[in-house]
Amino acid sequence: MQEQDTGEETGKPKMNGVHSYRYNSDSMQSNGPVSPRHIYRSKTVDSYCFPRFSASLSRNGSRRSPSPTPSFMSRTRSASKANNESNYGFTSSLSRNASGRSTAPIMFSNSTGMIKPQAVQKNLECTLEELCYGCMKKIKVTREVLTCTGKAVQQEEILTIDVKPGWKEGTTITFEGMGNERPGCCPADITFVIAEKQHPLFRREGDDLEIAVEIPLVQALTGCEILIPLLGGENMTLMINDIIYPGYEKIIREQGMPNTREQGKRGNLKVIFLVDFPEQLTDKQRSDILSILEDSC
């Protein structure tokens, strides 16, 4: 089976706290999504290298029946013995045989007796922007279906996935019965797993975003005004009056990823500062720096 992303995407700013979708083929149309009636949760995984940029500076039992009385048990045993004798031991032999067979495992595929193949799993790559604001992805798949004569023919389908704001890497979307058809088997499912593309500036940690900013040593010591890029393409001016030391961070509230459990809530943006030290100094610069630092002690 082959699949192809048609490239049709539209922003759709909706919230949904699910981590997996399951589409039932009985109610699904090939040219559009259906409302997800079966919702499951899944864990997510996301990790990659940390990007950075140079700053632009201005400043979720059954009960047993009661035990029979002794008189009842006696009558039961007598009846069972009489029955066994009247049948010349047939019942006893049958019980032993049945007991022996019951120890062997009994395998059932499903109520129809047809085998359910393993789901076909494919990655669905999304950018941070798509996972932040949501989008619609249309994916063309080519699968084999059986005709009334039992012949397998190829058929194209368009599967539509409504990516919700805040979805994480590892989120699964399953289309039931939309895989290849085989004689004597149920149609296979197709499962898409969200894969997060690496961003050139931001790194995701849960609902939070992180960005590393490089600034010169002089601005780290004297203060500065920095333009911080946001995920949506805008910039925010950040005024720093503190001395920026190794490990210095700033938190910008509500500028992270949407929270799928709480509508309207977003994570934070953590700004991590990296000080760019000069590679060389003149003798006079060394002397001036030494003098200044000695006076500050």
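**Stop 1: Asn 259**

Select Asn 259 and Glu 262, and show their side chains. The side chain of Asn 259 reaches the backbone nitrogen of Glu 262 at 3.2 Å. Now add Arg 261 to the selection: the side chain of Asn 259 also reaches the backbone nitrogen of Arg 261, at 2.8 Å. As you look around, keep in mind that this is a predicted model.

Where along the chain are you? Asn 259 sits in the loop between β15 (249-252) and β16 (269-276). Is Asn 259 buried or exposed? Its relative accessible area is 7%, so Asn 259 counts as buried, the cut-off for that word being under 20%.

**Stop 2: Glu 254 and Gly 264**

Stay in the loop between β15 and β16 and pick Glu 254, which belongs to that loop too. Check its backbone: phi of Glu 254 is near 60 degrees, a positive value in a residue other than glycine. For comparison, most residues other than glycine have a negative phi. With a relative accessible area of 39%, Glu 254 is partly exposed.

Next, click on Gly 264, another residue of the loop between β15 and β16. Gly 264 has a relative accessibility of 65%, so it counts as exposed, since exposed means over 50%. Try the distance tool on the C-alpha atoms of Gly 264 and Glu 254: they are separated by 9.8 Å, and the two residues are 10 residues apart along the chain.

**Stop 3: zoom out**

Switch to the cartoon view of the whole chain. How many helices and strands are there? The secondary structure comes to 5 helices and 16 strands. The chain has 297 residues, and 33% of them are buried. If you turn on the surface, you are looking at about 19,000 Å² of accessible area, of which 51% belongs to carbon and sulfur atoms.

**Stop 4: the largest pocket**

Rolling a probe the size of a water molecule over the atoms shows where empty space is left. Here, the largest pocket has a volume of about 280 Å³. Two elements give two or more residues to its lining: α4 (217-222) and α5. Which of them should you colour first? Start with α5, which supplies the largest share of the lining, 4 residues.

The lining of the largest pocket has 10 residues, and those nearest its centre are Leu 217, Val 218, Leu 221, Ile 289 and Leu 293. Select these five to find the spot.

Now single out Ile 289, which lies in helix α5 (residues 283-296). At 38% relative accessibility, Ile 289 is partly exposed. Ile 289 also belongs to a nonpolar patch on the surface, together with Leu 281, Ile 292 and Leu 293. The patch has about 350 Å² of accessible area in all.

**Stop 5: salt bridges**

Side chains of opposite charge can pair when their charged atoms come close. This structure holds 14 salt bridges, and here are some to visit.

- Asp 189 and Lys 116: their side chains meet at 3.0 Å, N to O. This pair links distant parts of the chain, 73 residues apart: Asp 189 is in the loop between β9 (172-175) and β10 (190-196), and Lys 116 is in the loop between α2 (90-102) and β6 (120-126). Asp 189 is buried at 10% relative accessibility, whereas Lys 116 is partly exposed at 41%.
- Arg 182 and Glu 144: the closest N and O atoms of this salt bridge are 2.8 Å apart. Why does this pair tie together separate parts of the chain? Arg 182 lies in the loop between β9 and β10 and Glu 144 lies in strand β7 (residues 135-146), so the parts they join are 38 residues apart in sequence. Arg 182 is partly exposed at 38% relative accessibility, and Glu 144 is partly exposed at 27%.
- Lys 164 and Asp 162: the closest N and O atoms of this salt bridge are 2.7 Å apart. Lys 164 is buried, with a relative accessible area of 10%, and Asp 162 is buried with 8%.

**Last stop: a network**

Finish by selecting Arg 203, Glu 205, Glu 210, Glu 249 and Lys 270 together. What links these residues? They are joined in a network of salt bridges.

Definitions and conventions
Residues are numbered from 1 along each chain as its sequence is written. This is a predicted model: local features need pLDDT of at least 70, side-chain atom pairs count only at pLDDT 80 or more; totals for chains, interfaces and linings use all residues. Side-chain values use heavy atoms; hydrogens and water are left out. Buried means under 20% relative accessible area, exposed over 50%, partly exposed in between (1.4 Å probe, protein chains only). Accessible areas come from the Shrake-Rupley method with a 1.4 Å probe; for residues, only the protein chains shown count as cover. A polar contact is a pair of N or O atoms within 3.5 Å; within protein, one must be able to donate a hydrogen and the other to accept it, and residues adjacent in sequence count only if both atoms are side-chain atoms. Patches are made of residues with over 30% relative accessible area and no salt bridge: like charges are joined within 9 Å, nonpolar side chains (Val, Leu, Ile, Met, Phe, Trp, Tyr) within 5 Å. A salt bridge is a side-chain nitrogen of Lys or Arg within 4 Å of a carboxyl oxygen of Asp or Glu. On a 1 Å grid over the protein atoms alone, a cavity is a set of points where a 1.4 Å probe fits but cannot get out, and a pocket is an open set with protein on both sides within 12 Å along at least five of seven lines; lining residues have an atom within 4 Å of a point. Grid points are joined across faces, edges and corners, and a volume is the space filled by probe spheres set on the points.
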